[in-house]
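Biologist: Before we discuss this structure, could you show me the sequence and the model together, and then let me ask why each term is used?

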Amino acid sequence: MCRLFFSCIFFVLISLKSFSQCCTANPVAGSVNIGVLTKNTFRTISFYRYSYSDTYFNGSEKSNLNFLKYSYYNFAGTILSYGITNRLTAEMQLGYYINRTEIFNTDPIYTQKGWGFSNSVASLKYAFTKKGTFELTGGLGFKFPFTQKQLTIDGVQLPQTAQPSTGAFGAVIQVFMQKSYLEKGLRFFLIHRTEINGTNIIAYRTGNSYTTTFYISKSINYKWTGIVQIRNENRAKDIRDDEKIPISGGYEIFFSPQINYSVTQKFNISFLADIPVYKYYNGTQLASKYAIVVSLTKDFDLSKSK
Amino acid sequence: MKIKYLIRVILLTVVIMVTSCKKKENTQPINSSSSGAFTLALSSDKTSINVGSQAVITATASGASGNVTYTWSVNTSSSITGSGYKVNLYASCPSCTGPNQVTCTAKDANNNSVVTKITITVN
């Protein structure tokens with residue numbers, strides 16, 4: 001089974017390389033990562049995310065700068081997971097920017113738009129401890145772009161803020177902890193995700209990111225579950241030509257209420273709002289305002305089909 | 001016998017790699033000084049601008065065969081708006097300050113390329 005998995009990964013990588021000859025590409029959105037799956041379970045998570053920003057912040061204070069009127073993106077992604085054993089899960093994350101748009105405050109107003117494949121992540125997650133209602137899992141992933149070429153529209157190479165991917169290889173490290181209180185319908189999750197980014201072909205390196213999320217999940221009834229998420233995203237400064245860009249990086253704390261509806265036991269729909277409650281940026285930067293996410297999760301028990 | 005065969009395979013691989021590398025070198029854009037009659041000049045209406053403002057950059061190509069296409073890039077997070085032979089450099093972010101080096105690549109119908117750069121300081 002392991003051989004089959006690695007063969008598949010290899011095949012996908014080869015395919016991506018050939019894709020990159022003809023198509024444009026770009027960045028990976030943070031995904032909700034969960035623990036390991038039971039053996040022979042195949043899970044698909046498909047999600048759509050809309051994000052909007054229109055205000056600049058200097059440090060943690062609102063700024064009057066208005067170089068951009070606003071910016072937004074529409075992103076569609078999918079996460080495919082397979083339980084190789086009860087402790088080992090393989091995962092592939094794929095994403096596509098339908099658009100990544102910036103509206104400039106120029107006269108006349110100018111719209112800059114990028115689109116294309118984001119970075120993807122192929123990873124393995126292993127449950128160090130999986131006893132009853134407690135799980136501790138670690139994961140290691142390989143982050144890769146669909147293409148290293150920079151997206152150029154109408155003869156103009158877009159800036160990094162509009163590129164769909166970092167254009168560089170990288171790594172993802174994850175730690176996941178879960179404790180359930182089944183009799184109360186309560187679950188607590190703690191997830192940490194470190195993303196290490198490499199340098200792309202124009203000597204630009206997107207800063208590493210460190211995201212820690214705490215979830216509380218409570219079953220309302222057998223169909224509905226309420227989830228509250230507190231997330232801290234910390235991003236290091238970007239680097240260009242081996243020099244740190246002083247006005248880049250920072251950290252944000254998000255409050256994200258989520259509601260989950262179980263259509264069947266193995267098919268769920270989730271709605272999530274991402275609201276930044278605190279943000280601090282190095283220098284003056286365009287700040288996140290809000291994001292909304294819709295996701296569909298479907299589990300398949302492949303052991304039954306044998 | 002096997003070793004001889006192996007050496008032949010390695011030699012053949014090296015020859016293929018070397019010849020393919022040479023082909024790639026020939027397809028690289030060449031700069032204006034080595035492109036014969038095909039030249040490219042860049043000019044800007046301003047040599048320095050403030051963050052949040054724009055400079056107009058114009059490319060003038062001469063000695064080209066047929067239509068000329070232009071590709072633009074900048075080495076900071078500034079944005080280039082417009083397309084073709086005339087574009088704007090928009091210093092759209094506080095991190096855009098310092099020298100902004102704009103690169104223009106012009107390519108004619110015969111695939112001859114010329115690359116020229118111009119630097120605009122953003123304060």
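**Reasoning from values to terms**

Modeller: The contact takes 18 residues from chain A and 22 residues from chain B, and please keep in mind throughout that this is a predicted model.

Biologist: What makes up the area that chain A and chain B bury between them, and which residues of chain A lose the most area to chain B?

Modeller: The two chains bury about 1600 Å² between them, and 60% of that area is on carbon and sulfur atoms. On the side of chain A, Phe67(A), Val156(A) and Arg240(A) lose the most area to chain B, and together they account for 33% of what that side buries. The elements that give two or more residues to this side are strand 6 (110-117) and strand 10 (156-157) of chain A. By class, the side of chain A that touches chain B has nine nonpolar, seven polar and two charged residues.

Biologist: How many salt bridges does the rule find across the interface of chain A and chain B, and how many residue pairs are in polar contact there?

Modeller: Across this interface the rule finds zero salt bridges, while seven residue pairs between chain A and chain B are in polar contact.

Biologist: What makes Asp274(A) and Arg49(A) a salt bridge?

Modeller: The closest N and O atoms of Asp274(A) and Arg49(A) are 2.7 Å apart, and the rule asks for a side-chain nitrogen of Lys or Arg within 4 Å of a carboxyl oxygen of Asp or Glu, so the pair is called a salt bridge. The pair links distant parts of the chain, with Asp274(A) in strand 19 (residues 267-287) and Arg49(A) in strand 1 (residues 41-53) of chain A, 225 residues apart. Both Asp274(A) and Arg49(A) are buried. They also belong to a network of salt bridges that links Arg49(A), Arg231(A), Glu233(A) and Asp274(A). A search of the whole structure finds 10 salt bridges over all chains.

Biologist: Arg235(A) forms a salt bridge with Asp238(A), so why is Asp238(A) called buried and Arg235(A) partly exposed?

Modeller: Asp238(A) has a relative accessibility of 7%, and because buried means under 20%, Asp238(A) counts as buried. Arg235(A) has a relative accessible area of 32%, which lies between the 20% limit for buried and the 50% limit for exposed, and therefore Arg235(A) is partly exposed. The closest N and O atoms of this pair are 2.9 Å apart.

Biologist: How do you know that Lys46(B) and Asp45(B) meet in a salt bridge, and what term describes the exposure of each?

Modeller: Their N to O distance is 3.5 Å, and since the cut-off is 4 Å, the pair of Lys46(B) and Asp45(B) counts as a salt bridge. Lys46(B), with a relative accessible area of 36%, is partly exposed, and Asp45(B), at 47% relative accessibility, counts as partly exposed as well.

Biologist: Why is Asp242(A) called exposed, whereas Asp241(A) is called partly exposed?

Modeller: Asp242(A) has a relative accessible area of 76%, and because exposed means over 50%, the term fits Asp242(A). Asp241(A) has a value of 46%, which is not over 50% and not under 20%, so Asp241(A) is partly exposed. Asp241(A) lies in the loop between strand 16 (239-240) and strand 17 (243-244) of chain A, and Asp242(A) is placed in the loop between strand 16 and strand 17 too. Asp241(A) has a positive phi of about 50 degrees although it is not a glycine, and phi of Asp242(A), a residue other than glycine, is near 65 degrees.

Biologist: What makes Asn268(A) buried, and which side chains does its own side chain meet in polar contacts?

Modeller: Asn268(A), which lies in strand 19 of chain A, has a relative accessibility of 16%, and because this is under 20%, Asn268(A) counts as buried. Its side chain makes a polar contact with the side chain of Asn260(A) at 3.1 Å and another with the side chain of Ser262(A) at 2.7 Å; both distances are within the 3.5 Å that the term allows.

Notes
Residues numbered from 1 in each chain as written. Chains lettered and ligands numbered in written order. Predicted model: local features only at pLDDT ≥ 70, side-chain atom pairs only at ≥ 80, totals over all residues. Heavy atoms only, no water. Helix = DSSP H or I, 4+ residues; strand = E, 2+ residues; numbered from the N terminus. Buried < 20%, exposed > 50% of the residue type's maximum accessible area, 1.4 Å probe, protein only. Contact = heavy atoms within 4.5 Å. Buried area = accessible area lost by both parts, 1.4 Å probe. Polar contact = N/O pair within 3.5 Å; in protein donor to acceptor, adjacent residues only side chain to side chain. Nonpolar A, V, L, I, M, F, W, Y, C, P; charged D, E, K, R; others polar.
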